[in-house]
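Please walk me through this structure, part by part, in a way that suits someone who has not met it before.

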Amino acid sequence: MRILTHYVLRAHVGPFLFALTVLTGMMLVHTVARRFEELAGRGLAASVIAEVFGLSIPHIIALTLPMAVLVAVLYTFSQLSADNEVTALKASGVNLARLLVPLLLAAALLASGMVWFNDRVLPETNHRLKNLLVDIARKSPTLELEEQVINEIQTGDMRTRYFLQAADIEPATNRLRDVVIYDLSAPGRDRTIYADSGRMAFNRERTDLFLTLHDGWIHELDKAEPATFERLFFRQQLIRIADIGNKLERSEDSGYRSDREMSLAMLAAEVGDGRRELAAVEREAAEEALGAVKAALAGPYPSATPLREEATLRHGDTATRKQGETAMGGEDNAQADPAVSPGRPLAASEAAAPGATDRVWPVASPEPWSWGPGGGGSDELTRRTLAQLRSLEDQANVLRQKINSRRVEYHKKYAIPFACIVFVLIGAPLAIRFPRGGVGMVITVSLTVFAFYYMSLIGGEELGDDDIISPFWAMWLPNALFLLLGLWGLMHVGREASTARGGGWDDLWHSLRHVLGQPVRRLARRGG
């Protein structure tokens, strides 16, 4: 059995490496075409361009490695079946599932290595690639000049130093007026150029600046011979300044990382922090709602602004009693206490006098923030509470999306490597079932499985980020479906059609029609 194990593994190594190389190369070409517009015309060194593509390879391999496993399994088992080696093994009493044991072990080792790769290597290369692309995007060969300001013209050669000043700059036509250029490139020599007008132009790559100056003169002074002074007049002068903005400046690491630039430990820490922040926001929302309910149930409130003093307070029982006596004709009583008359409100000082009751009633006020019966304070309280709750809800939604995106990326780092094992279980039954499909069957089945699997991952990632489904199932559902399909195929691997249709394209088409036509036949029988 050891010989058989070595034989099966050796048969898969060649197709696996070939498929991995071809698929990675194809996706790298796609990356080159997609990034060509970003890199072209910026005067980048070949080493920088090679670094961009080198940093793009790891995330390509993270996708193409499981694909290469499926291609290798399909091709190898279709060849074994076409050469009747599978038939000979069955006749010798070898269980076909036994052939998959070394492949499953190799796929498990490969998946473990991919988990380490996705955790350690991939986040760092993604982070470096993002920083490099940001630096390249910031590197612009165009020249931005300000009027009436001495502008330094930076070039790739640090020894070349130019300073330009213009009284008027027309961005649409690149025309300059009243131009002064200070040339400090040559040590020991001061050279100043004055011109009435000029025009700026760039070469096709926009890396070299051409200044065409009109009606001016040049002052030049050699410090070694200070007595010598040269002044040269011109009607038109052409100045070429090479490598304008052609220096790529590497920025320092900002420290910010997206979810695809984080390791498993970083993602777990982000999820924990996000859940704590979400819990704090939910507690704050609960406290805000509870406070609003208590405020609404507490009854009338004093006005938020002072009311008029003469309409602030009234005596309780004393004022009511004396006003009643006056209304009944009690002149003596009214004279005895002339401060109290029917309908007269008491001042605040009188309200605080002995005998006044503790209970007071606020007089209705037209201000919208005066709370209490008849006032508008309850509406203002409701508006404030709703505004605060909506703000907290927005914060909670942002935190939930952040948590979900981190959890999706966390499970993705495990789910994609596990696809190596799933693709072994999918590929072997298909290749044995249709041995004469050849390379066409390998390519067709591979593309179909790849398209469905990665479309499911992309759709699951969006659904998981939006909290429509669990982030766990968003990433693991494609693996679960293909795993069930692979186990079902292994259970029926001994029932493959003999050779009536040759196990090729005709047999594959017949099987598809049979499987897809079952629901239609069932509906027809029920209708009949």
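**A hairpin, a helix pair and two cores**

In this predicted model, a convenient place to begin is the hairpin that β2 and β3 form with four residues between them, where N174 in the turn has a positive phi of about 60°. The two strands, β2 (residues 162-170) and β3 (residues 175-183), pair in the antiparallel sense over eight bridges, and within this pairing D168 has R177 of β3 as its bridge partner. On β2 there is also a pairing with strand β1 (residues 151-153), again antiparallel, over three bridges, in which I153 is matched with Y162 of β2.

From the strands we can turn to the helices at the start of the chain. Helix α1 (residues 2-39) and helix α2 (residues 46-82) have axes that come within 5 Å and cross at roughly 145°, and this crossing is right-handed. The residues of the contact between α1 and α2 divide into 28 nonpolar, six polar and one charged.

Both helices also take part in the largest nonpolar core, to which α1, α2, α4 (96-138), α9 (377-433), α10 (438-465) and α11 (471-491) each give two or more residues. This core has 51 residues, and those with the most contacts inside it are F16, L70, F77, L100, V424, Y453 and M475. The largest share, 14 residues, comes from α9. Leaving aside residues up to four places away in sequence, V424 touches V69, V73, L100, L103, L104, A107 and P429.

Apart from this core lies another, of 21 residues, and among them are L145, Y162, I239 and I244; Y162 has already appeared as the bridge partner of I153.

Key. Residues numbered from 1 in each chain as written. Predicted model: local features only at pLDDT ≥ 70, side-chain atom pairs only at ≥ 80, totals over all residues. Heavy atoms only, no water. Axes fitted to C-alpha atoms, helices over the stretch in contact; angles between N-to-C directions. Left-handed = near helix turned anticlockwise from the far one by under 90°. Nonpolar A, V, L, I, M, F, W, Y, C, P; charged D, E, K, R; others polar. Pairing = 2+ DSSP bridges. Core = buried A, V, L, I, M, F, W, Y, C linked by side-chain atoms within 4.5 Å. Buried < 20%, exposed > 50% of the residue type's maximum accessible area, 1.4 Å probe, protein only. Contact = heavy atoms within 4.5 Å.
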